[in-house]
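Let's take a walk through this protein together, from its surface into its interior. Keep the sequence and the structure side by side as you read.

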Amino acid sequence: MRERDGHRAVLPKRIILVRHGESQGNNDPAAYDTTPDPKIQLTTQGIAQARHAGARMRHLIAGGGSTNWRVYFYVSPYARTRSTLREIGRSFSRKRVIGVREECRIREQDFGNFQVQEHMNVIKETRQRFGRFFYRFPEGESAADVFDRVSSFLESLWRDVDMNRLNHDPSDDLNLIIVSHGLASRVFMMKWFKWTVEQFELLRNFENGEFRVLQLGSGGEYSLAVHHADEELLEWGLSPDMIADQKWRACANKGEWNDRCSWYLDSFFDPLPDSDDDNVDKLDETNSLTVHS
């Protein structure tokens, strides 16, 4: 908690990422032939999924031991996410909702304009061979492009919190709920937890109406392991090393470095020497061999 311009910046207790309910495009991909992606609506099943997600999130938040809690929503501008938010909102009273902001940077990956399915099937097969993260759809985006705009959104989110733009009473637990799409939500976690491209490509997509909870741990770091069990994390594609890091984060002090996290350092190098002297000796030996050859 910090003082800034007379305000106390209080970290959100939870950041909840939720995917929209089943859409007409999920149910029948031919819908994209004639309907622009941003205008695709929820199905009846999708409305029910969104409403159920809202009830589950309220149960999670209200059951956390505090009676003083509030929620703030960020939502993608697409019709299916806006409708999902509307159904989620049925589980919260007006006094619990601080506000909502439509945020274009958490929209769906752009696949082009109208998506003719025969053509898209060929393109998606090519994406599988090329790699899901870097493949850019013709007239659209790659997951790397989505990563860039989601990273920009994250910077804005922290300025909102740090400068108290959300008008949040610091005596209340703050819960941020981000209503978005499957890929944007996975990219959000990739950026947050510093996952590699290889780790991202192992992640399973969110189901419709499914959510992930990044919860503040005892030391001030966010972790999936505070709320979610190991079995869930494995099911979602996290490796044992990634799960171990989540468990470490659940208890770590804010700003600490996890020396046992291989993808922060060790995975990028061959084993490094323990001291500068060892390294110099090896370099001298290598250089000597090179000169005499």
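**From the surface inwards**

C251 is exposed, with a relative accessible area of 58%. C104 is another cysteine to look at, and at 43% relative accessibility it counts as partly exposed. How many disulfides does the structure hold? The count is 0. Please bear in mind throughout that this is a predicted model.

Now step back and take in the whole chain. Its secondary structure comes to 10 helices and 8 strands. Taken along the principal axes, the C-alpha atoms fill a box of roughly 75 × 55 × 40 Å. The chain exposes about 15,500 Å², and carbon and sulfur atoms supply 48% of that area. Of the 293 residues, 47% count as buried. Contacts across the sequence are well represented too: among contacts with a separation of 6 or more, 72% are between residues 24 or more positions apart.

With that overview in hand, let's go inside. In soluble globular proteins, nonpolar side chains tend to be buried together. Here the largest nonpolar core has 42 residues, and the members that touch the most others are Y74, L176, I178, F188, W195, L214 and L238. Which elements give two or more residues to this core? They are strand 3 (14–19), strand 4, helix 5, strand 6 (173–180), helix 6 (182–193) and helix 9 (240–251). The largest share comes from helix 5, with 9 residues. A second, separate core of 17 residues includes V18, M57, F73 and V75.

Y74 deserves a closer look. Leaving aside neighbours within four places in sequence, Y74 is in contact with R101, I106, F153, L157, D160, L166, L176, I177, I178 and V179. Two of the residues that touch the most other core members, L176 and I178, are therefore among the contacts of Y74 as well. Y74 also belongs to a cluster linked by ring pairs, together with Y72, F153, W158, F188, W192 and Y222.

That brings us to the aromatic rings in general. The count comes to 16 aromatic pairs. One of them joins F73 and F92, edge-to-face, at 6.0 Å centre to centre and with 75 degrees between the planes. F73 lies in strand 4 (residues 69–75) and F92 in the loop between helix 3 (79–88) and strand 5 (97–102), so this pair ties together parts that are 19 residues apart in sequence. F73 is buried, with a relative accessible area of 4%, and F92 is buried as well, at 9%.

Another pair is made by F133 and F147, whose ring centres are 6.3 Å apart; their planes stand at 75 degrees, so the pair is edge-to-face. F133 sits in the loop between helix 4 (117–130) and helix 5 (143–162), while F147 is in helix 5, and the two are 14 residues apart. Both F133 and F147 are buried.

Rings also meet charges in this model. The charged end of R212 sits over the ring of F206, 3.9 Å from its centre. K124 lies over the face of F111, at 5.7 Å from the ring centre.

Let's return to the loop that holds F92, because S93 is found there too, between helix 3 and strand 5. Is S93 buried or exposed? The answer falls in between: at 33% relative accessibility, S93 counts as partly exposed. The C-alpha atoms of S93 and V75 are 18 residues apart along the chain and are separated by 18 Å.

Next to this loop in sequence comes helix 3, which is mostly covered: 7 of its 10 residues are buried. The buried ones are A79, R80, T81, T84, L85, E87 and I88. What covers them? The cover includes strand 3, helix 2 (44–62), strand 4, strand 5 and strand 6.

We can finish in helix 9, one of the elements that give two or more residues to the largest core. D245 lies in this helix, and at 1% relative accessibility it counts as buried. Leaving aside neighbours within four places in sequence, D245 is in contact with N258, C261, W263 and Y264.

Technical notes. Residues are numbered from 1 along each chain as its sequence is written. This is a predicted model: local features need pLDDT of at least 70, side-chain atom pairs count only at pLDDT 80 or more; totals for chains, interfaces and linings use all residues. Side-chain values use heavy atoms; hydrogens and water are left out. Rings of Phe, Tyr and Trp (its six-membered ring) pair if their centres lie within 6.5 Å; planes under 30 degrees apart count as stacked, over 60 as edge-to-face and the rest as tilted. Helices (H or I, at least four residues) and strands (E, at least two) are DSSP runs, numbered from the N terminus. Buried means under 20% relative accessible area, exposed over 50%, partly exposed in between (1.4 Å probe, protein chains only). A charge sits over a ring if NZ of Lys or CZ of Arg is within 6 Å of the ring centre and within 35 degrees of the ring normal. A disulfide is a pair of cysteine sulfur atoms within 2.5 Å. A nonpolar core is a set of buried Ala, Val, Leu, Ile, Met, Phe, Trp, Tyr and Cys residues joined through side-chain atoms within 4.5 Å. Contact means heavy atoms within 4.5 Å. Accessible areas come from the Shrake-Rupley method with a 1.4 Å probe; for residues, only the protein chains shown count as cover.
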